[in-house]
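User: Please take a close look at the aromatic pairs of this protein and at the strand that carries one of the rings. A connected account of the surroundings would be welcome.

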Amino acid sequence: MSNGGNTHSTTASSDGWDFFVSYTQTDRPWAEWIAWTLEDAGYRVLIQAWDFVPGSNWVTGMNQGVAAAGRTIAVLSAAYTRSVYGTAEWQAAWSADPTGAKRRLLVARVEDCPRPGLLGQVVSFDLFGTRQHTARADVLRAAELAVSGGRAKPATAPPFPTSAQTPAPPPFPPSHSDAGAGTTSCTAG
């Protein structure tokens, strides 16, 4: 299997990959875009579409992907949540790091869909509904934070919060225009 031709790697072993991209065929365009983005930034990526070539063993490749990659990126969609193989791949990554301390499992949501079971406990990032340059920055930021173990603290101070806009309470007592609405008039007789 190929390592994508990249020589820069964040893994300790030259035989491994930085990321294994787990996806269903429905989400192949997203998976390839994510893999390209990561490889363009110098990461080593294993992706079925490019690395499981004729003559290779698909099951062996998947096993190597999960075992030899530093991290798995689950390309999450409704189709992925129904995939037996996708489930096996993200569960293998999760079981290798159930607390998330090593950030072995990254979840990239490519559509608004539920996250089943334990996958719902992994903090994800969304690629849908955003512009390409923002999505690219989000993929690279997620990769960098996963590899470095760093925090997502901004480089500059956040703006000082202004008081929250709360709706004004209804006037009480009611104004004269509201006085007759829904009330009965009692007159002394």
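Analyst: The model is a predicted one. The protein has seven helices and five strands, and along the sequence these follow the pattern β-α-β-α-α-β-α-α-β-β-α-α. Of its 189 residues, 34% are buried. Among contacts between residues at least 6 apart in sequence, 67% join residues at least 24 apart. The exposed area is about 11,700 Å², of which carbon and sulfur atoms supply 56%.

A pair of aromatic rings is described by the distance of the centres and the angle of the planes. The count for the protein comes to four aromatic pairs. One of them joins Phe19 and Tyr43: the ring centres are 5.3 Å apart and the planes stand at 80°, so the pair is edge-to-face, the cut-off for that class being over 60 degrees. Phe19 lies in strand E1 (residues 17-22), whereas Tyr43 belongs to the loop between helix H1 (28-40) and strand E2 (45-47), so the pair ties together parts that are 24 residues apart in sequence. Both partners fall under the 20% limit for buried residues: Phe19 has a relative accessible area of 0%, and Tyr43 one of 7%.

A second pair among the four is formed by Trp58 and Tyr85, which is also edge-to-face, with 4.7 Å from centre to centre and 90° between the planes. Here too distant parts of the chain are linked, since Trp58 sits in helix H3 (residues 58-68) and Tyr85 in helix H5 (residues 84-96), 27 residues apart. As to accessibility, Trp58 counts as partly exposed at 30%, while Tyr85 counts as exposed at 52%.

The strand that carries Phe19 deserves separate attention. In E1, six of the six residues are buried, so the strand is largely enclosed by the rest of the structure. E1 has pairing partners that include strand E3 (residues 69-76), to which five bridges join it in a parallel arrangement; within this pairing, Trp17 has Ala69 as its bridge partner in E3. E1 also pairs with E2 in the parallel sense, over three bridges, and there Phe20 has Leu46 as its partner in E2. Together with H1, the strands E1 and E2 make a right-handed β-α-β unit. The loop that holds Tyr43 lies between H1 and E2, and the Phe19–Tyr43 pair thus connects E1 with that loop.

Technical notes: Residues are numbered from 1 along each chain as its sequence is written. This is a predicted model: local features need pLDDT of at least 70, side-chain atom pairs count only at pLDDT 80 or more; totals for chains, interfaces and linings use all residues. Side-chain values use heavy atoms; hydrogens and water are left out. Helices (H or I, at least four residues) and strands (E, at least two) are DSSP runs, numbered from the N terminus. Buried means under 20% relative accessible area, exposed over 50%, partly exposed in between (1.4 Å probe, protein chains only). Contact means heavy atoms within 4.5 Å. Accessible areas come from the Shrake-Rupley method with a 1.4 Å probe; for residues, only the protein chains shown count as cover. Rings of Phe, Tyr and Trp (its six-membered ring) pair if their centres lie within 6.5 Å; planes under 30 degrees apart count as stacked, over 60 as edge-to-face and the rest as tilted. Two strands pair if DSSP finds at least two bridges between them. A crossover is right-handed if, with the strands pointing away from the viewer, the path from the first strand over the helix to the second runs clockwise.
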